[in-house]
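Subject: Structure for you to look at

Hi,

Here is the structure I promised to pass on, with my notes underneath. Have it open while you read, since I go through it piece by piece.

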Amino acid sequence: MDYKDYYKVLGVKKDASTDEIKKAYRKLAVKYHPDKNPGDKVAEEKFKEANEANEILGNADKRKKYDEMGENWGQYQNNPYAQGRPGRQAYNTEDFYGDGSQFSSFFDSIFGGGGGFGGGGRKRSNQRRGQDTEGTIDLSVEESFNGTSRQVTLDGAKLNLKFKPGTAEGQILRLKGKGNPGYAGGENGDLLITVHIAKHPRFEIKGNDLYFDQPLDLYTAILGGKATVQGIDKAVSMNIPAGTDSHKILRLKGMGMPKFDKPEERGDAYVRMVITTPKHLSAEETELFTKLAEIKK
């Protein structure tokens with residue numbers, strides 16, 4: 001029996017990344033899926049091979065074992081009861097598949113599918129769930145605040161994605177059944193979309209709180225007073241204590257991001273005061289500043 005090269009099955013190099021393997025598998029799984037090729041034995045076999053290859057190469061531990069065994073697979077075919085002998089490592093089919101489905105004779109030969117290597121001779125079902133598919137999507141800070149919907153195209157089908165207010169960086173949206181197709185009637189995997197919040201020129205999110213800078217004129221910083229602060233959704237009047245230093249942070253309670261599970265509740269806003277120096281002074285203003293400077297000496 002010839003060695004089955006799963007890298008060749010997927011059309012990837014032996015140093016291919018996990019993402020490259022997933023993309024190659026998904027392309028073949030869609031192309032050769034039995035639902036799209038009813039009665040086509042060639043397509044059925046290619047679909048089966050692609051599933052086997054992805055099952056191994058898509059998992060770091062299984063891939064390592066396959067690579068190690070692949071170089072000397074003949075010894076396992078010729079002596080399938082090598083388990084436990086000194087200097088030789090044996091592999092059980094369950095090491096690769098858990099309680100998996102029926103596989104090719106190549107794997108039965110190497111891994112003792114019917115009970116070799118200490119297997120229990122357990123009857124297996126052809127049915128197998130498809131693997132999950134992963135992706136990412138970028139949302140703006142405003143979309144994270146308000147919630148939003150997006151339409152994406154997957155394998156020619158349009159999917160409507162909804163994101164609740166307060167959707168945060170790293171949050172995962174799961175779309176059941178939108179992942180890789182199952183085998184022999186098994187259910188499809190899920191589509192897992194990880195959210196990334198794009199960098200904003202003004203606002204920074206930390207948990208449910210917002211951080212941003214607020215320009216503050218010199219006179220208000222020295223004398224105190226009120227300043228109009230523009231938050232993410234509205235402007236408010238804020239009390240500024242006299243003698244406020246530049247980069248001093250003041251809090252606006254309840255002006256942050258909505259909480260994901262309780263959108264009626266919000267975090268706080270932390271406003272960093274950035275004092276601006278007056279320019280284009282009049283002659284009178286210049287004279288007054290000069291007098292102040294002399295007084296402070």
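A search through the whole of this predicted model turns up 14 salt bridges. I picked out a few that are worth a look on screen.

Start with Lys22 and Glu134, whose side chains meet in a salt bridge at 3.8 Å, N to O. This pair links distant parts of the chain: Lys22 belongs to helix α2 (residues 18-32) and Glu134 to strand β1, 112 residues apart. Are the two partners buried or exposed? Lys22 counts as partly exposed because its relative accessibility is 27%. Glu134, with a relative accessible area of 56%, is exposed.

Next comes Asp190, which has two partners to show you. One of them is Arg129: the closest N and O atoms of Arg129 and Asp190 are 3.3 Å apart, and the two form a salt bridge. Here too, distant parts of the chain are linked, with Arg129 in the loop between α7 (105-111) and β1, Asp190 in the loop between β4 and β5, and their positions 61 residues apart in the sequence. Arg129 has a relative accessibility of 36%, so the residue counts as partly exposed. Asp190 has a relative accessible area of 5% and is therefore buried, the cut-off being under 20%.

The other partner is Arg174, which forms a salt bridge with Asp190 with the closest N and O atoms 2.8 Å apart. Arg174 sits in strand β4 and Asp190 in the loop between β4 and β5, so this salt bridge ties together parts that are 16 residues apart in sequence. Both contacts belong to a network of salt bridges that links Arg129, Asp132, Arg174, Glu187 and Asp190.

Now to the strands around those contacts. β1, β5 and β4 form an open sheet of three strands, in the order β1-β5-β4, with mixed pairing. At the edges are β1 (133-139) and β4 (172-175), each of which pairs on one side only. On average, neighbouring strands of this sheet are turned by 25° against each other, direction ignored. How do β1 and β5 (residues 191-197) run relative to each other, parallel or antiparallel? They run parallel, and seven bridges join them. To find your place in that pairing, look for Ile137, which stands opposite Val195 in β5.

A second pairing makes a nice contrast in direction: β2 (residues 148-154) and β3 (residues 157-163) run antiparallel, joined by seven bridges. Thr148 has Phe163 in β3 as its bridge partner. The two strands form a hairpin with two residues between them, and Asp155 in the turn has a positive phi of about 55°.

That brings me to backbone angles. Most residues other than glycine have a negative phi, and most peptide bonds are trans. Two histidines are worth checking with this in mind. His247 is not a glycine, yet has a positive phi of about 75°. His247 lies in the loop between β9 (235-240) and β10 (249-252), and at 48% relative accessibility it counts as partly exposed. His280, also not a glycine, has a positive phi of about 55°. You will find His280 in the loop between β11 and α10 (283-296), where its relative accessibility of 81% makes it count as exposed.

Back to helix α2 for a moment. Its 15 residues should span 21 Å at 1.5 Å a residue, and its end C-alpha atoms are indeed 21 Å apart, which agrees. Which residues of α2 are buried? They are Ile21, Ala24, Tyr25, Arg26, Leu28, Ala29, Val30 and Tyr32. An α-helix has 3.6 residues a turn, so residues three or four places apart point the same way.

Last, the pockets. The largest pocket has a volume of about 460 Å³. Its lining is made up of 26 residues, and Phe203, Glu204, Ile205, Lys206 and Tyr211 lie nearest its centre. The elements giving two or more residues to that lining are α8 (141-146), β6 (204-206), β7 (209-217) and β11 (269-276).

Happy to go through any of this with you on screen.

Best wishes

Notes:
Residues numbered from 1 in each chain as written. Predicted model: local features only at pLDDT ≥ 70, side-chain atom pairs only at ≥ 80, totals over all residues. Heavy atoms only, no water. Pairing = 2+ DSSP bridges. Helix = DSSP H or I, 4+ residues; strand = E, 2+ residues; numbered from the N terminus. Axes fitted to C-alpha atoms, helices over the stretch in contact; angles between N-to-C directions. Salt bridge = Lys/Arg side-chain N within 4 Å of Asp/Glu carboxyl O. Buried < 20%, exposed > 50% of the residue type's maximum accessible area, 1.4 Å probe, protein only. Expected span 1.5 Å × (residues − 1). 1 Å grid on protein atoms, 1.4 Å probe; cavity = no way out; pocket = protein on both sides within 12 Å on 5 of 7 lines; lining within 4 Å. Points joined across faces, edges and corners; volume = space filled by probe spheres on them.
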